[in-house]
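I opened this entry to record what I looked up in one structure. I wanted to know how its helices are placed and how a few chosen residues sit.

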Amino acid sequence: MDVKGEDVLDERKVKILNAVIQTYLDTGEPVGSRTISKGLDLNLSSATIRNEMSDLEEDGYIVQPHTSAGRIPTDKGYRFYVNHLLEEKDAEINDIKDLMIEKTEKMEKVLQQVVKVLANNTQYASIISAPAISGNKVKFVQLSAVDTTHILSVVAMEGNLIKNKMIEVAEPLDAETLLKLNMLLNTNLNGLTVHDINLTLIARMKEEAGEFEPIIENVLNTIADTIGDDEKLEVYTSGATNIFKYPELADSEKASRFLTTFEQKESIIDMISGMQQETDGAGTGIQVYIGEESPIAGMKDCSVVTATYELGEGVKGTIGIIGPKRMDYKNVMSNLKNLKRQLDRTLKRDDG
């Protein structure tokens, strides 16, 4: 986001201007050169910093109010600060998106191959879900002005999950207000999971936001939506016809019921989501569901054996094998343990 006619500042002036604005936002008091020299690791004397601040004042980025020795930002100074802040965040978001597209393409190929190998090795049906977010934390929140009646909320979570939301506002928000709201959000939310964001915290944030309470509520809703977004769960299947090899599952009624369930990804996704919630905080071991224990009605004649693989930061996926109740459990569990280890190792290595 560029502003026509914006001066080009050298690195030293940018650091000094940023320090003036940050200090003023924190204290609300005019900022002097001595304060900047103590806070900045530039090895510059107060006299040099005073000269740079004089240049910044001459260029219209800061102003000396009344007879005070300190300076405060002008609208032009705030605009420069916000533009460069947005550029940094835009670059970070674009880097994350590019990285995730590259990793997603690689991961799809790996998972599609894994599910075929699993079906061939066991001669049963197999499923695998792509890694999904579970209990992840807020990395940062960024509010940016789009036009006079809208601001954009960008929420970045661990696991490189990003959610954007357009928020309508009754009147334009100036740069200082946006910066204060960003500080309020990030100070209170960074490093928290959705479960950590309790009613006491929400009430305190809304009180601090005052008239801008609806914006805070919108951001909190975005975080909740991000965590609960099931549409990102991708599931891959293979080996459905292997079921016909077992007489007890091969009659037309049972086979039709199984295939209908297996082809409806929504049922599989619901099953996996439920299993992941059951295993949250209980490790990533093997789970066995026999007959009536199966979470899906269409698989009550089968056994389902699952394991969870993990990439860290609460990012987990599920591997599953579906077969007759008389399946070779020892072989199935051995295959799942081996594949779980390989996925943990392969995907974590790619992540690094």
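I count a residue as buried when its relative accessible area is under 20%, and as exposed when that area is over 50%. The model is a predicted one.

**Entry 1. Helix H5**

I applied the cut-off to helix H5 first. Eleven of its 15 residues are buried, so H5 is largely enclosed by the rest of the structure. I listed the buried positions as Ala175, Thr177, Leu178, Leu179, Leu181, Asn182, Leu184, Leu185, Asn186, Asn188 and Leu189.

I then checked the length of H5, which covers residues 175-189. At 1.5 Å a residue the expected span is 21 Å, and the end C-alpha atoms are 21 Å apart, which agrees. After H5 comes Gly191, with a positive phi near 85°.

**Entry 2. H1 against H5**

I asked at what angle the axes of H1 and H5 cross. They cross at roughly 75° and come within 11 Å. That makes H1 roughly perpendicular to H5, because angles of 65 to 115 degrees count as such. On the H1 side I noted Tyr24, Leu25 and Asp26 in the contact, and on the H5 side Glu176, Leu179, Lys180 and Met183. Sorted by class, this contact of H1 with H5 holds four nonpolar and three charged residues, and no polar ones.

**Entry 3. Helix H3**

I repeated the length check on helix H3, residues 46-58. Its 13 residues should span 18 Å at 1.5 Å a residue, and the distance between its end C-alpha atoms, 18 Å, agrees.

Which residues of H3 are buried? I found Ile49, Glu52, Met53 and Leu56 to be so. They lie on the same side of H3, because they cover an arc of only 100° around the axis. The general reason is that an α-helix has 3.6 residues a turn, so residues three or four places apart point the same way.

I next looked at what surrounds H3. Its buried residues pack against helix H1 (11-27), helix H2 (33-39) and strand S1 (62-63). On the face turned away from the buried side I found the exposed residues Asn51 and Glu58. Gly60 follows H3 and has a positive phi, near 90°.

**Entry 4. H1 against H3**

I looked up the packing of H1 and H3 as well. Their axes are 10 Å apart, at an angle of about 85°. H1 and H3 are therefore roughly perpendicular to each other. From H1, I recorded Arg12, Lys13, Ile16, Leu17 and Val20; these meet Thr48, Ile49, Glu52, Met53, Asp55 and Leu56 in H3. By class, the contact of H1 with H3 is made up of six nonpolar, one polar and four charged residues. The buried H3 residues Ile49, Glu52, Met53 and Leu56 are thus among those that meet H1.

**Entry 5. Single residues**

I looked up Gly39, which is found in helix H2. Is Gly39 buried or exposed? At 64% relative accessibility, Gly39 counts as exposed. Its C-alpha atom is separated by 10.0 Å from that of Ile16, and the two residues are 23 residues apart along the chain.

I located Gly70 in the loop between S1 and strand S2 (72-73). Gly70 is buried, with a relative accessible area of 6%. Its C-alpha atom is 4.4 Å from that of Val31, although 39 residues separate the two in sequence. Leaving out residues up to four places away in sequence, I found Gly70 touching Pro30, Val31, Gly32, Val63, Gln64 and Pro65.

I placed Gln123 in the loop between helix H4 (75-122) and strand S3 (125-129). Gln123 is not a glycine, yet its phi is positive, near 60°. With 29% relative accessibility, Gln123 counts as partly exposed.

I placed Ser294 in the loop between strand S9 (287-290) and strand S10 (302-312). Ser294 has a relative accessible area of 1% and is buried. Beyond its neighbours within four places in sequence, Ser294 is in contact with Tyr289, Met299, Lys300 and Val304.

**Entry 6. The chain as a whole**

I closed with the totals. The protein chain has eleven helices and eleven strands. Of its 352 residues, 44% count as buried. Among contacts with a separation of 6 or more, 63% join residues 24 or more positions apart.

Notes:
Residues are numbered from 1 along each chain as its sequence is written. This is a predicted model: local features need pLDDT of at least 70, side-chain atom pairs count only at pLDDT 80 or more; totals for chains, interfaces and linings use all residues. Side-chain values use heavy atoms; hydrogens and water are left out. Helices (H or I, at least four residues) and strands (E, at least two) are DSSP runs, numbered from the N terminus. The expected span of a helix is 1.5 Å times one less than its number of residues. Buried means under 20% relative accessible area, exposed over 50%, partly exposed in between (1.4 Å probe, protein chains only). The arc is that of the directions from the helix axis to the C-beta atoms. Contact means heavy atoms within 4.5 Å. Axes are lines fitted to C-alpha atoms, for helices over the stretch in contact, and angles run from 0 to 180 degrees between N-to-C directions. Angles under 35 degrees count as roughly parallel, over 145 as roughly antiparallel, 65 to 115 as roughly perpendicular and the rest as oblique. Ala, Val, Leu, Ile, Met, Phe, Trp, Tyr, Cys and Pro count as nonpolar, Asp, Glu, Lys and Arg as charged, and the others, Gly among them, as polar.
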